[in-house]
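Here's a quick tour for anyone opening this structure for the first time. Have a look at the picture, then read on.

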Amino acid sequence: MSSIEKDYIEVKVDVNRINRMFKELNMSTNESKKALRKGLADSAKIIQRKARSNLNTVQNGASGKPLVTKNLKKWVRYVVYRKTLGFRVHIQQSKGKNKKENKSYVLKWLEDGTKPRWQKYRKWRPLRQSIPFKTKRRYTGYITESHFFSNASKSKIGEAQSTLQKHIERHIQKIASKR
């Protein structure tokens, strides 16, 4: 069915059957591309939904209570490629946003965790004093890895692959019925 190589997965679908459907329904190239992209988007949504539900189970290391992930869920996204057939589900930071608007960098910490961190020494001079003042180094903690995203992609990639053919055929029928 598929072979995993590096960072991508190849999926095999019955191309002859899909092409036959395109010819039987006299679909234009734009309509056929639209059906393919929508079918890929539906398969990507399977992984996205699982990753978002796994994000609910991430717990705060200090209190043990679940984190409030309402604003973080929207940064688990998928992209369907326009020129080539494929999709990507990711937690990467989108460009052009500042950190107040875009909190997706926190998802990387929750996925992979962080090392134990300490506050560094600070040198500063109070007004009218020439002697530098040093603060003590203090422990600020770490974030334990939750692997919410990698677990979701591993558990749902098979379902996304097996339902891809069905999603594409359903969207072909849907677009043909609207004409």
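Among contacts in the chain with a separation of 6 or more, 64% join residues that sit 24 or more positions apart. Keep in mind that this is a predicted model. The chain has 179 residues, and 30% of them are buried. Its secondary structure adds up to five helices and eight strands.

**The layout**

- Going along the sequence, you'll meet the elements in the order β-β-α-α-β-β-α-β-β-β-β-α-α.
- Two pairs of positions give a feel for how the chain comes back on itself in space: His-171 and Glu-31 are 140 residues apart in sequence, yet 9.9 Å apart from C-alpha to C-alpha.
- The other pair is Lys-108 and Ile-91, which are 17 residues apart along the chain, with 7.1 Å between their C-alpha atoms.

**Helix α1 and its two sides**

- Helix α1 covers residues 15-24, and its buried residues are Ile-18, Met-21 and Phe-22.
- Those three span an arc of only 100 degrees around the axis, so they end up on the same side of α1.
- Over on the other side of α1 you'll find Asn-16, Lys-23 and Glu-24, which are exposed.
- What do the buried residues of α1 pack against? They pack against α2 (29-56) and α5 (164-178).
- Just past the end of α1, Asn-26 has a positive phi of about 50 degrees.

**How α1 meets α5**

- The axes of α1 and α5 cross at roughly 5 degrees and come within 11 Å.
- Angles under 35 degrees count as roughly parallel, and α1 and α5 are therefore roughly parallel to each other.
- On the α1 side, the contact uses Arg-17, Ile-18, Met-21 and Phe-22. On the α5 side, it uses Gln-165, Ile-168, Glu-169, Ile-172 and Gln-173.
- Sorted by class, that contact of α1 with α5 has five nonpolar, two polar and two charged residues.

**How α3 meets α4**

- Helices α3 and α4 pack with their axes 7 Å apart, at an angle of about 75 degrees.
- That angle makes α3 roughly perpendicular to α4.
- Here Leu-107, Leu-110 and Glu-111 of α3 meet Phe-148, Phe-149 and Ser-150 of α4.
- By class, the contact of α3 with α4 has four nonpolar, one polar and one charged residues.
- Lys-108 is also in helix α3, and with a relative accessible area of 37% it is partly exposed.

**The nonpolar cores**

- In soluble globular proteins, nonpolar side chains tend to be buried together.
- Which members of the largest nonpolar core touch the most other members? Of its 16 residues, they are Leu-55, Val-76, Ile-91, Leu-107, Leu-110, Phe-148 and Phe-149.
- The elements giving two or more residues to this core are α2, α3 (104-112) and α4 (148-162).
- There's also a second, separate core of 13 residues, and its members include Ala-35, Val-80, Ile-172 and Ile-175.
- Back to Leu-110: once you set aside its neighbours within four places in sequence, its contacts include Leu-55, Val-58, Leu-67 and Leu-72. Also in contact with Leu-110 are Ile-143, Thr-144, Glu-145, Ser-146, His-147 and Phe-148.

**Buried residues to look up in α2 and α5**

- Ser-43 sits in helix α2. Is Ser-43 buried or exposed? It is buried, with a relative accessible area of 1%.
- Leaving out neighbours within four places in sequence, Ser-43 is in contact with Phe-87, Ala-160, Thr-163, Leu-164 and His-167.
- Gln-48 is in helix α2 too, and Gln-48 is buried as well, at a relative accessible area of 9%.
- Not counting residues up to four places away in sequence, Gln-48 touches Val-76, Arg-77, Tyr-78 and Val-89. One of these, Val-76, also turned up in the largest nonpolar core.
- His-171 belongs to helix α5. Its relative accessibility is 7%, and buried means under 20%, so His-171 counts as buried.
- Skipping residues up to four places away in sequence, His-171 touches Ala-35, Lys-38, Gly-39 and Asp-42. Among them, Ala-35 is a member of the second core.

How values were computed:
Residues are numbered from 1 along each chain as its sequence is written. This is a predicted model: local features need pLDDT of at least 70, side-chain atom pairs count only at pLDDT 80 or more; totals for chains, interfaces and linings use all residues. Side-chain values use heavy atoms; hydrogens and water are left out. Buried means under 20% relative accessible area, exposed over 50%, partly exposed in between (1.4 Å probe, protein chains only). Helices (H or I, at least four residues) and strands (E, at least two) are DSSP runs, numbered from the N terminus. The arc is that of the directions from the helix axis to the C-beta atoms. Contact means heavy atoms within 4.5 Å. A nonpolar core is a set of buried Ala, Val, Leu, Ile, Met, Phe, Trp, Tyr and Cys residues joined through side-chain atoms within 4.5 Å. Axes are lines fitted to C-alpha atoms, for helices over the stretch in contact, and angles run from 0 to 180 degrees between N-to-C directions. Angles under 35 degrees count as roughly parallel, over 145 as roughly antiparallel, 65 to 115 as roughly perpendicular and the rest as oblique. Ala, Val, Leu, Ile, Met, Phe, Trp, Tyr, Cys and Pro count as nonpolar, Asp, Glu, Lys and Arg as charged, and the others, Gly among them, as polar.
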